[in-house]
Amino acid sequence: MDKILVHGGRPLSGSIKISGSKNSALPILAATLLTREPCVLRHVPDLSDTNYMLQILMYLGAQVERASGTVSVQAEKVESVAPYDVVRRMRASVCVLGPLLARCREATVSLPGGCVIGDRPIDLHLRGFEALGAAVRVEAGNVRMFTPQLKGAIINLTGKFGPTVLGTDNVMMAAVLAEGTTVIEGAASEPEVVDLANFLNKMGAKIEGAGTRRLIIEGVQELHGAEHDIIPDRIEAGTFLVAGAVCGTGVTVNRVEPSHIEAVTTALVSAGFKIDIHERSATVSPNGASKPLEIVTAPYPGFPTDMQAQMCALLSTTEGISVVTENIFPQRYMHVAELKRMGAQVQIEGSTAVIQGVEKLLGAPVMASDLRASAALVLAGLKAEGTTEISRVYHIDRGYEHLDEKLSELGAHIERVKAD
Ligand code: EPZ
């Protein structure tokens, strides 16, 4: 397993281009199962998660071709069974459930495992499928569904922790081929859900309300192929802006949708940084002393849970006391123990982290645990004194396209070493 060595203390400057969104590409790739015609997707990031989704599509019978960032998929025939050894590595593989149910009127998919950020139930997904007329059974670690015909319904997908992103995606992908009209109340409004709805509408679906809490979907007989440009990855963009705040003299992220990163840029301005927004780019630069923050994660357009760990890295060396509250995945603090190994002073109280900023962090051997926690450790290492050795970097490769190379382009002294 590779390791990443971050030699801290080098200021970052310059600009990098943001890749296509992982969390948009994954459900959109699954949506290609809804038609027997070819689909062409551009700006699909080259990540282990997206490549894994391509393997799942091929396993299910689709023809797949990738030429750098452009992926062509044609699912002329589709198997309706995705067993454990195919889906076990990635929770997002659950989003083939909706397309398989709509296309094949049956689906058998292994239940996704939990992960370090917490239990990952799919009860809301299943609630939606049942409302659409599917018989749902969970047995021997599999979800089995069958329906003679999906029928439109009024469904509320709000759960204890708010809307479900992939649950909204899944139920939407099932409803587009149902008979009649479906209303999804309490829908997720993330940009990635909007991107999926836009792609489905290009395929001939009739979806209104994307980006709001209420989706109205008029079922159609069938969908045709379509071409689509995946939106930029707002979490990658946020991660690089926080990197620029941690130790930058001026870092620009290009090919971004400024409206998608507003919660992060607003937080950075509150933390005392200067943000310049242009049409498709954003620049962060120091602007005097940085200030402690109170961060509360929330569904879009609130502060994204996927940026919480990266913000903790920044606040670890921000003078004063900051308070971070995680409302989406209350246990999502795997990064804290590792930051404390580097000298951070953080107390976890339930789903809240109280951070006492320290003058400096010291590089140390640390372990990556989940995608965003790993990115947080890299950011902390950029500023720490000495070298931070991050093991299990496969977590990073799941969701960031060449993170170490892009940081090197900005001036970081960072190297990837093959480990035994
Ligand atoms: C998506 O996961 C993202 N993944 C996650 O990003 C992101 O953190 C999350 O949305 C929240 O924004 C992809 O898009 C591939 P949820 P998802 O269903 O859809 C609870 C990353 O780092 N819930 O919106 O799986 C759930 O436990 C990843 O890129 C239920 O209770 O998350 C959580 O507390 C990590 N029942 C909350 O809802 C359900 O049936 C939100 O989860 C489904 C979810």
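What is the volume of the largest cavity? The views below take up this question along with others, and they show a predicted model.

**View 1. The largest cavity and its lining.** The largest cavity has a volume of about 40 Å³, and the count of cavities of 30 Å³ or more comes to 1. Its lining is made up of Ser19, Gly20, Pro45, Leu47, Asp233, Glu236, Gly399, Tyr400 and Glu401, a set that divides into 3 nonpolar, 3 polar and 3 charged residues. Empty space of this kind is revealed by rolling a probe the size of a water molecule over the atoms.

**View 2. The residues around the ligand.** The ligand is surrounded by 24 residues, of which Asp123, Leu124, Thr164, Asp306 and Ile328 come nearest. By character, this shell divides into 12 nonpolar, 4 polar and 8 charged residues. Domain 1 (2-19 + 232-418) and domain 2 (22-229) each supply at least three residues to the shell around the ligand.

**View 3. Polar atoms beside the ligand, and the elements of its shell.** A polar side-chain atom of Thr164 lies 2.7 Å from an oxygen atom of the ligand, while a polar side-chain atom of Arg120 lies 3.1 Å from an oxygen atom of the ligand. In the case of Pro121, a polar backbone atom is 3.4 Å from an oxygen atom of the ligand. The ligand taken alone exposes 820 Å², and the protein buries 92% of that area. Two or more residues of the shell come from each of helix 1 (22-31), helix 5 (123-131), helix 6 (165-175) and helix 12 (371-383), and helix 5 gives the most, with 3 residues.

**View 4. The second largest pocket.** The second largest pocket holds about 380 Å³ of space. It is lined by 17 residues, among which Ala102, Leu177, Val220, Gln221 and Glu222 are the closest to its centre. The lining of the second largest pocket divides into 7 nonpolar, 4 polar and 6 charged residues.

**View 5. A cis peptide bond in a loop.** Tyr300 and Pro301 are joined by a cis peptide bond, with omega at about 10°. Pro301 belongs to the loop between strand 18 (294-296) and helix 10 (308-315). Most peptide bonds are trans, and most residues other than glycine have a negative phi.

**View 6. A positive phi in a loop between two strands.** Although Ala140 is not a glycine, its phi is positive, at about 50°. Ala140 is placed in the loop that runs between strand 8 (135-139) and strand 9 (142-146).

How values were computed
Residues are numbered from 1 along each chain as its sequence is written. This is a predicted model: local features need pLDDT of at least 70, side-chain atom pairs count only at pLDDT 80 or more; totals for chains, interfaces and linings use all residues. Side-chain values use heavy atoms; hydrogens and water are left out. A residue is near a molecule or strand if one of its heavy atoms lies within 4 Å of it. A polar contact is a pair of N or O atoms within 3.5 Å; within protein, one must be able to donate a hydrogen and the other to accept it, and residues adjacent in sequence count only if both atoms are side-chain atoms. Accessible areas come from the Shrake-Rupley method with a 1.4 Å probe; for residues, only the protein chains shown count as cover. Helices (H or I, at least four residues) and strands (E, at least two) are DSSP runs, numbered from the N terminus. Ala, Val, Leu, Ile, Met, Phe, Trp, Tyr, Cys and Pro count as nonpolar, Asp, Glu, Lys and Arg as charged, and the others, Gly among them, as polar. Domain bounds come from an automatic or database domain assignment. On a 1 Å grid over the protein atoms alone, a cavity is a set of points where a 1.4 Å probe fits but cannot get out, and a pocket is an open set with protein on both sides within 12 Å along at least five of seven lines; lining residues have an atom within 4 Å of a point. Grid points are joined across faces, edges and corners, and a volume is the space filled by probe spheres set on the points.
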